[in-house]
Amino acid sequence: MTQQPFPYPGLEPPEPDPRLRSRVLRAAGQAAAAEARTGALARLVDRLWENRALRLGWLTAIVALLVLNAAVDTGTIDHGALPAAGGGPYELEVPEIGSAGKLRAGSAGALRTTDPVLREELGLRAPHGAAP
Amino acid sequence: MTNVDPTPGTPAPAARPELHRLLADLAAGDLEALAAIYDLTACELYGLALWRCGSESEAEDAVQEVFVRLARKPPDPARICDPRAYLLAMARRAACDLVRRRRPAEPLTGLLLVAPATAPELPVDAATATRHLARLSAVQREAVYLRYFSGLSFAEIAEVAGVPTFTAASRCRTGIERLRALMGVET
């Protein structure tokens with residue numbers, strides 16, 4: 001393939017203004033400085049994420065927590081032991097007041113009792129439909 | 001910048017290894033390398049942006065944008081096979097962004113060609129040549145510029161413009177033919 005000659009011999013594209021150099025380099029320097037400030041946190045996160053030892057450490061910590069959670073009895077009631085929402089109240093025996101007075105924990109966790117005296121002492125409201 | 005007459009397919013004559021080294025320095029955090037990159041490439045980047053935008057102030061903005069981007073996020077030199085084409089592509093993109101931002105399109109305001117101070121009597125003056133160039137499409141002007149003033153091969157022009165090599169060659173050829181036709185009409 002032969003190269004056709006340029007139709008305007010002797011003419012050239014103009015050169016940039018000499019002042020452009022300082023303007024461009026100043027703007028580039030400012031951009032680099034701004035990037036160094038805002039990019040520092042991102043670079044730190046990147047470095048931490050890329051650090052293999054640190055990743056292994058995180059993994060070990062998570063596994064250790066899971067093992068502890070499974071092995072150690074925290075003393076809390078298992079979620080499955082509670083009645084389901086709306087599944088009815090369950091009763092707690094209160095030895096000091098005998099079987100006449102039974103405290104009930106509703107599904108929402110509110111205490112109820114059938115004994116009007118105890119209800120009075122505890123400051124509980126009468127259930128709907130019950131005599132005060 | 002001079003009008004070059006490259007043999008198609010030959011590598012560009014610019015200091016490619018030098019640019020590679022400077023980009024590596026920049027990636028290593030040496031901001032001084034920017035000044036050297038500017039000295040090596042500014043004329044070419046400015047010329048391309050000027051031919052693309054048609055306005056001197058926008059061409060300057062495009063060159064500034066290239067160097068701001070370089071400073072903000074230096075490219076990995078290992079991933080750049082031709083640093084000159086890479087920088088020209090950056091300038092082209094910056095110029096295209098500026099043109100897109102100032103819609104609707106405005107007529108060319110700057111001289112795209114000038115006569116050197118020492119030039120003898122020329123057959124066509126700069127204003128006429130600029131008027132002719134303004135009749136080309138932006139992509140044709142860009143291809144002509146990269147071919148005749150940057151001395152790039154069609155493959156390299158294609159890389160800069162992000163088009164197939166055949167398209168780059170076609171743009172360049174039709175651009176030159178159109179200029180010749182315009183000259184024939186006027187003379």
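Where is the place of Leu44(A)? Leu44(A) sits in helix α1 of chain A; helices (H or I, at least four residues) are DSSP runs, numbered from the N terminus.

This is a predicted model, in which local features need pLDDT of at least 70, side-chain atom pairs count only at pLDDT 80 or more, and totals for chains, interfaces and linings use all residues. Residues are numbered from 1 along each chain as its sequence is written, chains are lettered from A, and side-chain values use heavy atoms, without hydrogens and water.

**The patch on chain A**

Leu44(A) belongs to a nonpolar surface patch of about 820 Å². Its partners there include Leu41(A), Val45(A), Trp49(A) and Trp58(A). Patch residues have over 30% relative accessible area and no salt bridge (a Lys or Arg side-chain nitrogen within 4 Å of an Asp or Glu carboxyl oxygen). Nonpolar side chains are joined within 5 Å. Areas come from the Shrake-Rupley method with a 1.4 Å probe. Helix α1(A) gives the most, with five residues.

**Accessibility**

Buried means under 20% relative accessible area, exposed over 50%, and partly exposed in between.

| Residue | Relative accessible area | Class |
|---|---|---|
| Leu44(A) | 38% | partly exposed |
| Cys43(B) | 28% | partly exposed |
| Cys172(B) | 3% | buried |
| Ser55(B) | 11% | buried |

**Chain B**

Ser55(B) lies in the loop between α2 (32-53) and α3 (56-72). Its side chain makes a polar contact (N or O atoms within 3.5 Å, one able to donate a hydrogen and the other to accept it) with the side chain of Ser57(B), at 3.2 Å.

The count of disulfides (cysteine sulfur atoms within 2.5 Å) is zero over all chains.

Notes. Buried < 20%, exposed > 50% of the residue type's maximum accessible area, 1.4 Å probe, protein only. Patch = residues over 30% accessible without salt bridge, like charges linked within 9 Å, V, L, I, M, F, W, Y side chains within 5 Å. Helix = DSSP H or I, 4+ residues; strand = E, 2+ residues; numbered from the N terminus.
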